[in-house]
Amino acid sequence: MYSIKAITLLTGLPAETLRAWERRYASITPARSDNGRRLYSQQDMEKLTLLAQLTRNGHTISKIAGLNCEALRDLQRQTQAPHKDSAHPLPDRIIEALLDYRIDRCEQLLKRALVASEPLEYARDILLPALKKVGELWHQEKLSIAQEHMFTCCVNRIVLSMVNNLQNASANSPAMLFATPSDEPHECGILLSCLLAAVQQYRCFFLGANLPGKDIVEAIHHLQPDIIVIGLVKTPPEPTTIEQLQIVVAAKEAAASTVWIGGDGARYWHQHSASPNCELITDIDHFYNKAQQWMLLDKA
């Protein structure tokens, strides 16, 4: 449970605003301690974070206070979509260069955007759309496997270089481990999450994609991360992927860590065979906000 002081630190909302939203709009109904002080749950925290972001973007609190977290996230995505389409034609320019096999131009554009963008914007509005478009074009046979591999290697090179430069090397800082289980080859989600974790000064251990569960568990045993981030994109996930994921989730080495699972396949898995030991990450903004909250609480 969170105190009102922790909530103000994590959301940036003044205590007066929190009380006003509770009193006027019943946006949150916190529990009370024995001495009458407000206590906020994790769900309360996530809702207040979303309300804070949406009101800063021009939404009226009276109209959104009664929405649940999922509806607020949908509204946040709708709010971002027009802005992304109009403000970031860059992914289209990157694809044009890739179609001409100009990987040097792709890298130049990506690096230029890196300098001009905030990390979350860079990951969400530039890298993610470009990677998704490359995947779509490959499935449509409009891009060759060679082009897809060239672009993926380019993105990996840029992002992992950033991670190495940004992450906190101190053994006292919290750590995240990133991987996907066997038969899950898509690593763009964990790669971009690794970047956003490094920006927030986590120590990052990027294992990559398509790993047997026992190998992930062995890495957890030696590295002892605070948070394990697993990506699942295939929908539904392959039976082998589920089997190897269960090995990780059930391992005693993972018991002391928090397990976050994200991607389209993670939503499917969460609906059909979710483990109480895992938390579903719905999108890149959700990951960024939870990582930020976790880091601030760790420092408190």
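Here are some worked exercises on the structure above, each with a solution that goes step by step.

The model is predicted, so local features need pLDDT of at least 70 and side-chain atom pairs count only at pLDDT 80 or more, while totals for chains, interfaces and linings use all residues. Residues are numbered from 1 along each chain as its sequence is written, and side-chain values use heavy atoms, with hydrogens and water left out.

**Exercise 1: salt bridges**

Find how many salt bridges there are, and work out which parts of the chain E22 and R38 tie together.

Step 1. Start with the general idea: side chains of opposite charge can pair when their charged atoms come close. The rule used here asks for a side-chain nitrogen of Lys or Arg within 4 Å of a carboxyl oxygen of Asp or Glu.

Step 2. Apply the rule, and the count comes to 14 salt bridges.

Step 3. Look at E22 and R38, whose closest N and O atoms are 2.7 Å apart. E22 belongs to helix α2 (residues 15–25) and R38 to strand β2 (residues 38–39), so this salt bridge ties together parts that are 16 residues apart in sequence. Helices (H or I, at least four residues) and strands (E, at least two) are DSSP runs, numbered from the N terminus.

**Exercise 2: two salt bridges in their surroundings**

Decide whether R124 is buried or exposed, and do the same for K252.

Step 1. Set the scale: buried means under 20% relative accessible area, exposed over 50%, and partly exposed in between (1.4 Å probe, protein chains only).

Step 2. R124 forms a salt bridge with D285, at 2.7 Å from N to O. The pair links helix α8 (residues 119–139), which holds R124, to helix α14 (residues 284–299), which holds D285, and the two residues are 161 residues apart.

Step 3. R124 counts as buried because its relative accessibility is 15%, and D285 is buried too, at 7%.

Step 4. Now take K252 and E253, whose side chains meet in a salt bridge of 3.1 Å, N to O. K252 is exposed at 67% relative accessibility, whereas E253 is partly exposed at 23%.

Step 5. To finish, find E46, E70, R73, E279 and K290 in the viewer: a network of salt bridges links them.

**Exercise 3: the aromatic pair**

Classify the arrangement of the W260 and F287 rings.

Step 1. Rings of Phe, Tyr and Trp (its six-membered ring) pair if their centres lie within 6.5 Å; planes under 30 degrees apart count as stacked, over 60 as edge-to-face and the rest as tilted. A search of the whole structure gives one aromatic pair.

Step 2. The ring centres of W260 and F287 are 5.8 Å apart and the planes stand at 85 degrees, so the pair is edge-to-face.

Step 3. W260 sits in strand β6 (residues 258–262) and F287 in helix α14, so the pair ties together parts 27 residues apart in sequence.

Step 4. Both rings belong to buried residues: W260 has a relative accessible area of 1%, and F287 has 2%.

**Exercise 4: the cysteines**

Explain why C153 is too far from C154 for a bond.

Step 1. A disulfide is a covalent bond between the sulfur atoms of two cysteines. Here the two sulfur atoms must be within 2.5 Å, and the count comes to zero disulfides.

Step 2. The closest cysteine sulfur to that of C153 is in C154, 8.8 Å away, which is too far for a bond. C153 is partly exposed, at 46%.

Step 3. C194 is in no disulfide either, as the nearest cysteine sulfur, in C204, is 4.1 Å away. C194 is buried, with a relative accessible area of 1%.

**Exercise 5: strand β5**

Work out how enclosed strand β5 is, and which strands pair with it.

Step 1. Strand β5 covers residues 227–231, and five of the five are buried, so it is largely enclosed by the rest of the structure.

Step 2. Sort the side chains: I227, V229 and G231 point one way, and I228 and I230 the other way.

Step 3. Strands pair if DSSP finds at least two bridges between them. Strand β3 (residues 175–181) pairs with β5 in the parallel sense over four bridges, with L177 opposite I228.

Step 4. β5 and β6 also pair in the parallel sense, over five bridges, and I230 stands opposite I261.
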